[in-house]
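Grab a pencil and let's work through a few exercises on aromatic rings and burial. Try each task yourself before reading its solution.

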Amino acid sequence: MVLVAAAVTIGVPIAFAFGVATLAYLTLATRVPLTVVVSRMDEGMSALILLSVPLFVFLGLLIEMTGLARSMVDFLGSLLGHVKGGLAYVLLGAMYLVSGISGSKAADMAAVAPVLFPEMKRRGARPGELVALLTASGAMSETIPPSLVLITIGSVTGVSIGALFTGGLLPALVLALALCIVAFFRSRDENLAGVRRAGLKQILGTFLIALPALALPFLIRAAVVEGVATATEVSTIGIAYTVAVGLVLFRQFDWRRLYPMLVETAALSGAILLIIGTATAMAWALTQSGFSRQLVATMSAVPGGHAGFLAISIVVFVVLGSVLEGIPAIVLFGPLLFPVARAIGVHEVHYAMVVILAMGIGLFAPPFGVGFYAACAIGRVSPDEAMGRVWPYLLALLLALGVVAAIPWLSIGFL
């Protein structure tokens with residue numbers, strides 16, 4: 001664990017930090033043959049559900065390229081663009097609809113931000129404020145299906161993917177409403193000079209154009225929840241649907257971008273799978289060392305029962321999400337802590353929502369969260385300019401997470 005912390009501190013990629021620490025432990029403290037690391041990595045990367053990783057990554061790129069994401073933003077803008085803070089609500093709504101389909105939060109933010117930021121700046125919004133809102137929206141949307149985080153946690157803990165997809169929508173909505181409240185107070189001085197309310201004809205027109213795009217997230221979720229397709233199979237349905245809509249309805253399909261998109265898909269998918277593989281190997285090594293038993297004993301002894309266990313889990317996963325970048329934290333500690341949650345009577349889907357949201361807040365929280373710096377890069381804003389403005393949004397997310405943790409129905413009410 002010390003080696004992992006040191007490697008992350010000096011900038012070693014997280015997959016290699018896990019791998020080096022695991023090899024060092026097995027070499028210096030055990031007599032286990034090092035070939036076991038390869039077999040454990042292979043086991044971690046070979047889950048059938050992980051076939052959906054590259055397909056969902058490619059689907060996210062297709063949504064941006066074919067114009068589906070922009071059509072959703074235009075429709076939401078016609079509904080809310082004339083009110084104070086309206087474009088902030090549009091950004092949150094667009095992230096709620098688009099997010100999770102791509103394999104990368106950076107891709108989600110890059111699909112939405114360039115469409116909205118120029119008009120928001122024209123209305124007087126400060127660039128740092130926009131990036132702070134974009135950062136918070138990324139943290140808010142971690143549980144929205146078909147998020148790769150949900151797929152990953154299902155693959156390493158055995159929790160039903162369909163149940164996770166069903167349980168992820170309401171918790172994210174609670175966090176989105178909390179962000180809307182902050183955005184309302186932060187946009188009271190917005191300049192709406194020259195902004196006209198869209199007429200009914202314009203709203204209906206943008207709705208008809210956006211209808212195929214708006215249907216896609218619901219099509220994907222319904223296919224999995226209703227048992228029409230597995231989480232692995234539904235990604236291919238989404239790709240076929242998006243290609244058809246792009247070619248036939250939107251007439252926007254740049255064949256020249258196809259090869260770079262495939263390369264980007266392969267690169268991002270390879271990085272994700274390598275992280276999962278090395279994290280699986282390290283989780284096995286931690287189990288063999290006795291660390292996992294000590295962790296389970298410590299977490300089980302936390303005073304306060306359910307509430308104490310959930311509170312300490314939130315703190316732990318906020319820190320882990322900040323340092324280990326999300327998916328690695330889930331792969332490494334999910335298999336260790338989920339049995340504890342089940343043993344003390346916490347529903348596993350409810351626990352999954354709590355730890356995923358806590359991890360997301362850590363992932364986007366400065367000064368360590370890499371998601372924050374990705375949002376700054378997309379918004380072309382200095383991190384110093386946004387850092388002071390992001391804290392009210394993160395505080396709202398933490399308070400909303402407390403509500404989600406305290407009310408299990410929000411996660412399991414529709415299972």
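**Exercise 1.** Is Phe 185 buried, partly exposed or exposed?

*Solution.* Keep in mind that this is a predicted model. Start with the number: Phe 185 has a relative accessible area of 45%. Next, recall the cut-offs: buried means under 20% and exposed means over 50%. The value falls in between, so Phe 185 is partly exposed.

**Exercise 2.** Which kind of aromatic pair do Phe 75 and Phe 207 form?

*Solution.* First, the count for this model is seven aromatic pairs. In the pair of Phe 75 and Phe 207, the ring centres are 5.3 Å apart and the planes meet at 55 degrees. Stacked needs under 30 degrees and edge-to-face needs over 60, so this pair is tilted. Now find the partners along the chain: Phe 75 sits in helix H5 (residues 68–80) and Phe 207 in helix H12 (residues 200–225), 132 residues apart. Last, check burial: Phe 75 is buried at 11% relative accessible area, while Phe 207 is partly exposed at 31%.

**Exercise 3.** What type of pair do the rings of Phe 184 and Phe 185 make?

*Solution.* Their centres lie 5.2 Å apart and their planes are at 80 degrees, so the pair is edge-to-face. Phe 184 is partly exposed, with 44% relative accessible area.

**Exercise 4.** Where does His 350 lie, and is His 350 buried or exposed?

*Solution.* Look in helix H18 (residues 348–363) for His 350. With a relative accessible area of 3%, His 350 is buried. Leaving out residues up to four places away in sequence, its contacts include Leu 310, Val 404 and Pro 408.

Key
Residues numbered from 1 in each chain as written. Predicted model: local features only at pLDDT ≥ 70, side-chain atom pairs only at ≥ 80, totals over all residues. Heavy atoms only, no water. Phe/Tyr/Trp six-rings, centres within 6.5 Å; stacked < 30°, edge-to-face > 60°. Buried < 20%, exposed > 50% of the residue type's maximum accessible area, 1.4 Å probe, protein only. Helix = DSSP H or I, 4+ residues; strand = E, 2+ residues; numbered from the N terminus. Contact = heavy atoms within 4.5 Å.
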